[in-house]
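Hi,

Here is the structure I said I'd pass on. Have a look, and my notes are underneath.

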2 protein chains.
Amino acid sequence: MVRIGIIGSGNVAFHIWRQLKASNQVHTVNIWSPNINNKPEFELANVTPVNYMENDDIVIIATKDDVIEEVQEIIPVGPIVVHTSGFTSQSILQKHQKKGVLYPLQTFSKKTEIQWSKVPLFIESDTTSVLAEIKKVAEILSPNVQIVTEEQRKKLHVDGVFVNNFVNYLLSIVENHCQKNGIDKSVFNPLLEETIRKYQSLPAKDAQTGPALRNDQATIKGHLELLEGKEKEVYQLLTKAIHEKFNHDV
Amino acid sequence: MVRIGIIGSGNVAFHIWRQLKASNQVHTVNIWSPNINNKPEFELANVTPVNYMENDDIVIIATKDDVIEEVQEIIPVGPIVVHTSGFTSQSILQKHQKKGVLYPLQTFSKKTEIQWSKVPLFIESDTTSVLAEIKKVAEILSPNVQIVTEEQRKKLHVDGVFVNNFVNYLLSIVENHCQKNGIDKSVFNPLLEETIRKYQSLPAKDAQTGPALRNDQATIKGHLELLEGKEKEVYQLLTKAIHEKFNHDV
């Protein structure tokens with residue numbers, strides 16, 4: 001039985017809190033928001049005074065990156081302290097000797113259920129015994145736990161931007177075009193699913209097709225005539241990048 | 001019962017041929033390759049002399065865009081002639097009066113099964129009666145058939161580049177990083193699946209998150225230090241584009 005405190009009132013805090021609460025391996029899960037006026041939105045949360053955390057075995061800081069430093073200051077010395085950030089050093093938890101990171105590689109929103117069994121968790125600590133404790137807690141959340149270095153974690157975080165933020169931006173362009181074009185954006189679902197399926201089953205270079213790869217200038221020119229502004233710039237740069245990359249690689 | 005000819009020996013020709021052959025609504029499906037020395041690779045193909053096509057009800061040109069003009073010249077006048085290109089005008093089929101387009105919005109490769117029931121087909125013809133015939137054939141392939149204008153089809157083709165070619169390029173960057181980082185690229189599968197699921201269920205602006213959206217300069221700077229060359233340029237441009245777009249949109 002582990003006694004766990006969670007600090008934060010955002011999406012990550014909410015989902016970690018709910019999953020830990022639902023498990024029968026956790027003794028108490030306390031949630032605490034750094035903003036005293038911002039009581040967590042999740043109704044069932046057990047918001048406790050900060051000094052209560054000295055009884056916890058582990059405290060998880062699941063706040064925005066820019067308040068982690070301030071938040072770790074108010075945690076009493078004693079429990080293991082981890083944060084959930086993909087791009088913050090564990091050394092920011094300077095007040096605490098037993099410290100580490102528990103980084104979930106997923107995008108969270110309160111409205112959406114999280115399939116925790118599928119969320120990869122990356123854990124980190126300079127102290128072997130602390131790492132073992134963090135691993136135990138991580139494994140309550142997901143069977144998919146990997147120990148990484150800070151460098152590996154930061155690179156995963158960058159790549160998360162490519163996989164989620166940048167892909168979503170490309171899809172936002174398509175969504176806008178569909179609206180203007182009188183087409184339901186769902187017509188792209190099968191192509192999108194096939195694109196993903198190929199990433200999951202082939203080397204990306206074998207899945208690359210299209211005018212950029214073939215250096216089909218007539219089609220590229222025609223496409224550019226239908227685009228403007230940033231979308232046009234993005235098309236031009238990605239076309240150039242694909243042509244360069246796959247002609248060097250292959 | 002329809003008599004259908006297919007010209008081409010590539011991935012699109014192969015999958016259309018196989019699906020039509022498997023249906024019991026088609027009388028004969030003939031396949032013919034424009035390159036006489038390039039017998040189609042699909043073993044069961046019934047390669048027939050070109051003059052045989054005058055008995056067909058419809059001939060589908062499923063070749064590369066740049067040979068459509070030449071190929072349509074050798075088809076005897078009589079059958080309806082369509083091509084499968086997303087970015088070629090039907091007027092290129094200049095020898096033929098009964099003409100149109102049958103554009104499948106999917107990426108095809110011979111190794112991969114196609115779930116035809118999920119492939120959106122976009123059809124086009126200047127002649128109403130011809131359009132009705134094309135629709136009949138299209139519906140043998142997929143229940144998802146939509147009539148479009150040339151302009152709509154061309155825009156769909158551009159967007160197909162964003163959805164497939166550009167997303168695959170972003171994923172190729174992630175794949176390379178994972179290789180160098182000693183991480184299995186499959187750790188990104190859940191995040192990728194969630195990204196897609198959000199596109200399919202939310203407006204893209206509600207699914208946009210990350211440092212670019214928040215204009216989190218510290219993280220952006222840190223990410224850029226881990227990137228170089230074209231990847232860095234791509235990161236910079238997409239970050240700028242996200243920040244501009246969603247600050248104007250929201």
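Below is what turned up, going from one strand to the core and then a pocket.

Housekeeping: it's a predicted model, with local features needing pLDDT of at least 70 and side-chain atom pairs counted only at pLDDT 80 or more, while totals for chains, interfaces and linings use all residues. Residues are numbered from 1 along each chain as written, chains are lettered from A and ligands numbered from 1 in written order, and side-chain values use heavy atoms, without hydrogens or water.

Strand β6 of chain A (residues 121-124; strands are DSSP E runs of at least two residues, helices H or I runs of at least four, numbered from the N terminus) is covered on both faces. L121(A) and I123(A) on one side, and F122(A) and E124(A) on the other, are all buried (under 20% relative accessible area, 1.4 Å probe, protein chains only). β6(A) pairs (at least two DSSP bridges) with β5(A), residues 99-104, antiparallel over 4 bridges; I123(A) partners L102(A) there. With β7(A), residues 145-147, β6(A) runs parallel over 3 bridges, and L121(A) partners V145(A).

The largest nonpolar core (buried Ala, Val, Leu, Ile, Met, Phe, Trp, Tyr and Cys joined through side-chain atoms within 4.5 Å) has 74 residues. F162 and F188 of chains A and B have the most contacts inside it. Beyond four places in sequence, F188(A) has contacts (heavy atoms within 4.5 Å) including V174(A), L105(B) and Y199(B).

As for the second largest pocket, 47 residues line it, and α4(B) gives the most, with 5.

Cheers

Notes
Buried < 20%, exposed > 50% of the residue type's maximum accessible area, 1.4 Å probe, protein only. 1 Å grid on protein atoms, 1.4 Å probe; cavity = no way out; pocket = protein on both sides within 12 Å on 5 of 7 lines; lining within 4 Å.
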